[in-house]
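User: Hi! I'm new to reading protein structures, and I'd like a close look at one part. Could you walk me through it slowly?

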Amino acid sequence: MQGFRISPSMAVVAVLIILTLLGAWRYDGFLGTYNVQTVLRYNSMFALVALGMCFVIMTGGIDLSVGSVAAFSSVVAAHLSPYGLFPGLAGGLCAGLLAGTLNGLLITRLKIMPFIATLATMLAASGTALLLANNQSVSVSYETYFTNLGQGDLLSFMRPEWVDAEDAGILGGILGFILSFPTPAFIALAAYIAGGIVINHTAFGRHVLAVGGGTEASRLMGLPVDRTIFLVYVISGGMAGMAGVILASQFGAGQPIEGIGWELFAIASVVVGGTLLTGGNGSVGGTLAGALLLGIIFTILNFENGMGWISLSAYWQSVVRGVFLFVVVVLQAKLSRAAKAA
Amino acid sequence: MTTALDSKKDRPRVFDRAAFFQRYGVGLALLLLIVFNLIVTPNFATSQTLAVNLTQVCTIVIVGVGMTLVIATGGIDLSVGSLMAIAGALSPMFFTGQLIPIPNLYVGIALGIVIPILVAGIFGLFNGWLITKFSIQPIIATLVLFIAGRGIAQVSTNGDLQVFKVPEFQAIAIGRVLGVPFQVWIMLAIVIVAAFVLHKTVFGRQVLAVGGNEAAARLSGIPVSRIKFLVYLICGMCSGVAGLIVIAMNSAADANLIGLGMELDAIAAVVVGGTLLSGGRATIVGTLLGALVIQLVRYTLLANGVPDPAALVVKAGLIVLAVWLQRQEQA
């Protein structure tokens with residue numbers, strides 16, 4: 001049983017490595033600093049949202065509001081950015097937590113099913129974002145350090161000069177590579193490490209999996225079911241809020257109509273990462289691998305277009321994403337059926 | 001379960017508020033909105049206001065009918081908007097002779113109507129296949145086409161706007177019969193047929209039985225898989241019809257925009273209309289009224305100077321209220 005539970009995540013990591021090697025072999029600059037930075041910078045927002053979604057799905061729920069919550073918090077963060085980095089960050093995060101709290105209350109207090117509750121929050125967050133932003137994007141302030149959050153590279157200040165010298169050698173190359181990681185990537189990484197610890201080493205993490213495995217049984221065992229469910233939606237909202245802050249900071253504007261389809265990307269990452277949609281089982285690391293995998297596939301598509309062998313318009317992305325989800329979902333259904341039969 | 005039934009039976013017959021709102025809430029809300037508007041909103045009682053509101057609501061109701069049937073079986077269909085886009089993107093290729101030159105315009109129009117609806121239906125069958133063959137939850141199974149469907153529509157038109165001027169085709173949306181836009185007639189016809197099918201035919205009974213208790217339905221010999229296939233097929237075809245109406249209204253097909261967000265509007269109409277989200281109880285007329293209520297709320301707000309985004313927030317509140325009322329009644 002243990003072996004089966006690990007294998008889907010392992011498979012994703014294996015595919016991830018193979019695709020990365022394939023890309024490095026096939027395209028110039030695939031593992032170059034610029035490309036890696038771009039891919040990580042852009043996909044860390046999705047990775048954050050996927051982490052929150054992973055927690056929600058592990059309890060057997062779903063959060064459709066993440067995209068518009070991120071848009072909402074990007075607007076809030078942009079409005080607060082003139083006051084500095086931390087007000088912007090805190091404001092955006094709080095906006096996300098607020099939306100998550102609303103989801104949690106609707107689901108645990110009013111007993112409204114997650115899919116409808118988060119749908120309603122999606123509409124409400126989207127409407128509020130448009131109202132706050134007056135129907136247009138809100139520029140962030142470049143006077144403060146706020147834009148560093150999305151555009152900066154966290155460790156660049158400690159970059160020694162010899163790394164960039166001609167004769168830096170392979171060690172210098174690797175060090176330079178790591179030091180050029182963008183700030184959002186570090187934020188996402190920190191969130192995933194924290195998430196992994198919470199799921200695997202805390203009582204709350206156990207509760208999350210237990211609730212997803214069987215809500216009624218958990219209730220009968222005396223687990224704090226409602227509190228657990230409430231908290232996963234707050235976490236998901238917080239992650240969407242953080243993604244919104246990065247969005248505003250990275251693109252220099254709070255964007256009330258951004259975030260369409262983010263929930264699908266997040267769900268796809270979670271599912272691809274081997275987390276069962278029925279809840280009770282899941283992997284934080286797998287979700288990270290899933291998010292990276294989806295990101296890399298699109299990078300490869302872009303490079304492939306650049307090579308001129310094929311010419312896939314950007315519209316193919318959603319087709320590919322859908323086909324991918326289809327394959328994974330069908331595989332998952334077959335696997336879980338096989339597990340049931342065994 | 002039995003205790004809940006007993007307690008209901010033993011309870012003295014008092015006015016059951018939750019049940020009352022459940023049954024007549026939508027109609028009442030619609031009535032109140034109309035009265036409110038007659039008093040407050042200037043120029044409300046004009047045929048133009050009526051036409052505007054009806055045409056705004058047509059496609060939502062048509063898709064909502066299919067969605068009602070799907071939800072009645074305990075399912076959900078998120079792919080409706082994308083299927084609208086596929087049908088809408090496909091249709092002009094026939095009557096503008098882009099795909100294959102068709103000498104007779106009317107043959108082209110006929111093909112441009114029939115084939116897109118069939119294609120949307122086939123995609124609906126794909127949803128049904130995923131759900132019945134692999135026992136994938138409907139919300140996830142239809143997510144596949146929600147994502148890929150719009151992509152297919154965009155890829156097949158290369159994302160370009162297809163502009164056309166074919167009044168004979170556009171008649172399905174903007175032509176008028178007895179002064180009423182033709183799309184309203186289509187909507188009414190679909191509502192009447194669906195209401196009849198749901199409440200008066202064996203198929204309708206079976207749909208509700210599957211949603212009420214799938215295991216019991218299976219044991220009593222109802223072909224559960226076939227019923228599910230059929231409701232997703234119907235939902236897909238309804239989406240196809242709605243997609244054609246959208247492009248006929250706009251005299252252009254834009255795969256990026258046709259049916260965007262339609263799944264929310266349709267689900268909202270169904271829920272506000274009083275159909276149980278868990279399946280087993282459904283009302284087509286309720287969906288019609290639900291869509292009208294949502295539209296009229298939006299119209300009321302806009303006509304009285306409230307910005308459109310605020311109307312979104314109100315719509316969210318409406319959905320929550322409707323579902324909460326359902327829960328109250330079930331509890």
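The part I'd like to understand is the surroundings of B:Val210: which helix holds B:Val210, and is B:Val210 buried or exposed?

Analyst: Happy to help! Keep in mind that this is a predicted model, so everything below describes computed coordinates.

Let's begin with the chain as a whole. Chain B is built with 14 helices and four strands. Its radius of gyration is 21 Å, close to the 20 Å that the globule rule gives for 331 residues, so chain B is as compact as a globular protein of that length. Along the principal axes, the C-alpha atoms of chain B fill a box of roughly 70 × 55 × 35 Å. Of the 331 residues in chain B, 50% are buried.

Now we can zoom in. B:Val210 sits in helix H9 of chain B, which covers residues 202-212. To judge whether a residue is buried, we count the other C-beta atoms within 10 Å, and 20 or more is enough. B:Val210 has 26 such neighbours, so it counts as buried.

Who are its partners? Leaving out residues up to four places away in sequence, B:Val210 touches B:Thr73, B:Gly74, B:Ala217, B:Ile222, B:Val224, B:Ile227 and B:Lys228. Take B:Lys228 as an example: 18 residues separate it from B:Val210 along the chain, while their C-alpha atoms are 8.4 Å apart. For the chain in general, look at contacts in chain B between residues at least 6 apart in sequence: 77% of them join residues at least 24 apart.

A loop residue makes a nice contrast with B:Val210. B:Ser135 is found in the loop between helix H5 (105-133) and helix H6 (138-157) of chain B. With 11 other C-beta atoms within 10 Å, B:Ser135 is exposed. Its backbone also deserves a glance, as phi of B:Ser135 is near 50°, a positive value in a residue other than glycine. Most residues other than glycine have a negative phi.

Finally, here is a wider view of burial. In soluble globular proteins, nonpolar side chains tend to be buried together. The largest nonpolar core in this model has 208 residues, and A:Val49 and B:Ile319 touch the most other members.

To return to your questions: B:Val210 lies in helix H9 of chain B, and B:Val210 is buried.

Conventions:
Residues numbered from 1 in each chain as written. Chains lettered and ligands numbered in written order. Predicted model: local features only at pLDDT ≥ 70, side-chain atom pairs only at ≥ 80, totals over all residues. Core = buried A, V, L, I, M, F, W, Y, C linked by C-beta atoms within 7 Å. Buried ≥ 20, exposed ≤ 12 C-beta atoms within 10 Å, placed from the backbone. Helix = DSSP H or I, 4+ residues; strand = E, 2+ residues; numbered from the N terminus. Rg over C-alpha atoms; globule rule 2.2 N^0.38 Å. Contact = placed C-beta atoms within 7 Å.
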